[in-house]
Amino acid sequence: MPFCRPTNWEGMDSIDADEIDPDFCPTDDGMPMLGLGTWENTDAEQCAESVRVALETGYRHIDTAQAYGNEEAVGEGIARADVDREDVFLATKIWTSNLAHEDVLSSARESLSRLGVGYVDLLYVHWPAEAYEPAETLAAFSKLHEEGRVRNVGVSNFQPEQVAEAIDVCEAPVVANQVELHPLLQQEQLREACEEYDVSVVAYSPLARGAVFEVDVLNEIAAKHGVSEAAVSLAWLREQGVTAIPKATGEDHIRDNWESLALELDEEDIGAINAIEQSRREVDPSFAPWN
Ligand SMILES: NC(=O)c1ccc[n+]([C@@H]2O[C@H](COP(=O)([O-])OP(=O)(O)OC[C@H]3O[C@@H](n4cnc5c(N)ncnc54)[C@H](OP(=O)(O)O)[C@@H]3O)[C@@H](O)[C@H]2O)c1
């Protein structure tokens with residue numbers, strides 16, 4: 001499935017960061033492999049500016065959720081940016097209390113209205129919890145897909161067996177599972193299962209919410225290449241075929257993360273990161289399916 005894997009990825013490694021072109025992240029037939037996260041970017045003006053700056057830097061994938069309380073600000077950032085809406089891959093998520101069939105339909109309409117758009121490129125089930133009933137919930141997602149309000153259906157925080165069940169009951173293809181994934185939580189089994197199901201993996205908290213800056217192996221690789229630990233983490237994820245959505249607020253972080261697209265890790269770097277044995281979860285609510 002081409003989804004999530006840019007078709008013109010070849011040649012990426014040799015380009016200079018200043019020359020990174022949005023065309024390296026096409027949206028016509030694939031989800032851009034680097035997106036902007038927006039959780040806790042709740043000051044409306046700041047959030048709108050983060051989104052605008054990211055889009056004008058070259059990002060074409062923005063991740064938000066009903067639960068972040070910033071869909072309106074994200075929409076404002078998209079409207080402000082000198083980029084066409086059709087060129088932006090916009091993802092949002094339905095919160096757990098809105099997962100009953102009728103609530104999916106009504107709250108998705110409200111999300112579209114807050115975002116100021118006619119469709120989203122990806123709509124996720126945020127967590128398999130509370131009002132989530134696989135067949136009922138996903139029938140509503142399929143209806144939105146059929147109506148063209150939702151271009152792709154995704155799930156988030158799903159364990160392999162829940163992904164399999166979702167695929168089984170959902171009429172529309174389930175294209176992505178967004179999960180916590182970074183060098184300190186490598187999720188090999190989940191990644192293997194998703195590959196088997198042909199479901200793309202999207203890494204949330206790809207910087208382990210800042211913890212990547214405190215890891216010796218990453219410090220050393222960052223120093224060797226003269227880049228940040230954030231860039232190393234993002235380049236490693238890309239190397240694994242995983243889309244990443246780091247949250248960054250100001251232009252310096254937004255740009256630093258974007259420049260990770262020009263970083264090529266060597267085999268030794270990748271081997272050293274793969275060998276990190278820590279298992280550190282940053283997002284671990286009591287209702288998570290693994291608890
Ligand atoms: N589906 C889910 O359940 C779920 C759960 C968690 C997250 N998410 C999504 O994933 C996104 C990313 O995850 P996250 O926000 O948890 O954590 P993250 O992206 O791993 O880390 C964000 C933190 O790193 C800092 N940062 C970003 N770039 C940096 C750089 N180049 N150098 C130094 N510091 C940098 C940010 O600071 P500044 O803000 O100051 O730039 C922020 O404090 C979220 O925003 C959200 O969209 C989804």
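**Figure 1. Buried residues of helix H2.** In helix H2, which spans residues 71-80, the buried positions are Glu 71, Ala 73, Val 74, Gly 75, Gly 77 and Ile 78. The view, like those that follow, is taken from a predicted model. The cover over the buried residues of H2 includes two helices, H1 (44-57) and H3 (101-115). It also includes two strands, S2 (61-63) and S3 (89-94).

**Figure 2. Salt bridge between Arg 114 and Glu 71**. The structure holds 14 salt bridges. In the one shown here, the closest N and O atoms of Arg 114 and Glu 71 are 2.8 Å apart. Arg 114 belongs to helix H3 and Glu 71 to helix H2, so the bridge ties together parts that are 43 residues apart in sequence. Glu 71 has a relative accessibility of 2% and counts as buried. Arg 114, at 33%, counts as partly exposed.

**Figure 3. Salt bridge between Asp 266 and Lys 224**. The two side chains meet with an N to O distance of 2.9 Å. Asp 266 is in the loop between helix H9 (251-259) and H10, and Lys 224 is in helix H7 (residues 216-225). The pair thus links distant parts of the chain, 42 residues apart. Asp 266 is partly exposed at 29% relative accessibility. Lys 224 is also partly exposed, with a value of 45%.

**Figure 4. Salt bridge between Arg 280 and Glu 282, and a salt-bridge network**. For Arg 280 and Glu 282, the closest N and O atoms are 2.5 Å apart. Arg 280 counts as partly exposed, with 38% relative accessibility. Glu 282 counts as partly exposed too, at 26%. A separate panel shows salt bridges that share partners. These join Glu 45, Glu 49, Arg 52, Glu 56, Glu 76 and Arg 80 into one network.

**Figure 5. Aromatic pair of Trp 127 and Phe 287**. Six aromatic pairs are found in a search of the whole structure. Trp 127 and Phe 287 make an edge-to-face pair, with ring centres 5.2 Å apart and 85° between the planes. Trp 127 lies in the loop between strand S4 (122-125) and helix H4 (134-147), and Phe 287 in the segment after helix H10 (267-274), so the pair ties together parts that are 160 residues apart in sequence. Trp 127 is buried, at 4% relative accessible area. Phe 287 is partly exposed, at 36%. Ring pairs also bring in Trp 95 and Trp 290, which are linked with Trp 127 and Phe 287 into a cluster.

**Figure 6. Arginine side chains over aromatic rings**. The charged end of Arg 281 is placed over the ring of Trp 290, at 3.8 Å from the ring centre. Trp 290 is also a member of the cluster with Trp 95, Trp 127 and Phe 287. In a second panel, the charged end of Arg 85 sits over the ring of Tyr 119, and the distance to the ring centre is 4.0 Å.

**Figure 7. Positive phi at Asp 198 and Arg 209**. Asp 198 is not a glycine, yet its phi is positive, at about 65°. Its position is the loop between helix H6 (188-197) and strand S7 (200-204). With 41% relative accessibility, Asp 198 counts as partly exposed. Arg 209, likewise a residue other than glycine, has a positive phi near 55°. Arg 209 is in the loop between S7 and H7. Its relative accessible area is 42%, and Arg 209 is partly exposed.

**Figure 8. Surroundings of the ligand**. The ligand is surrounded by 27 residues. The closest are Asp 63, Ser 205, Arg 209, Thr 249 and His 253. A polar side-chain atom of Thr 249 lies 2.5 Å from a ligand oxygen atom. For Arg 209, the distance from a polar side-chain atom to an oxygen atom of the ligand is 2.8 Å. This is the Arg 209 of the loop between S7 and H7, with the positive phi. A side-chain N or O atom of Ser 156 is 2.9 Å from a nitrogen atom of the ligand.

Notes
Residues are numbered from 1 along each chain as its sequence is written. This is a predicted model: local features need pLDDT of at least 70, side-chain atom pairs count only at pLDDT 80 or more; totals for chains, interfaces and linings use all residues. Side-chain values use heavy atoms; hydrogens and water are left out. Rings of Phe, Tyr and Trp (its six-membered ring) pair if their centres lie within 6.5 Å; planes under 30 degrees apart count as stacked, over 60 as edge-to-face and the rest as tilted. Helices (H or I, at least four residues) and strands (E, at least two) are DSSP runs, numbered from the N terminus. Buried means under 20% relative accessible area, exposed over 50%, partly exposed in between (1.4 Å probe, protein chains only). A charge sits over a ring if NZ of Lys or CZ of Arg is within 6 Å of the ring centre and within 35 degrees of the ring normal. Contact means heavy atoms within 4.5 Å. A salt bridge is a side-chain nitrogen of Lys or Arg within 4 Å of a carboxyl oxygen of Asp or Glu. A residue is near a molecule or strand if one of its heavy atoms lies within 4 Å of it. A polar contact is a pair of N or O atoms within 3.5 Å; within protein, one must be able to donate a hydrogen and the other to accept it, and residues adjacent in sequence count only if both atoms are side-chain atoms.
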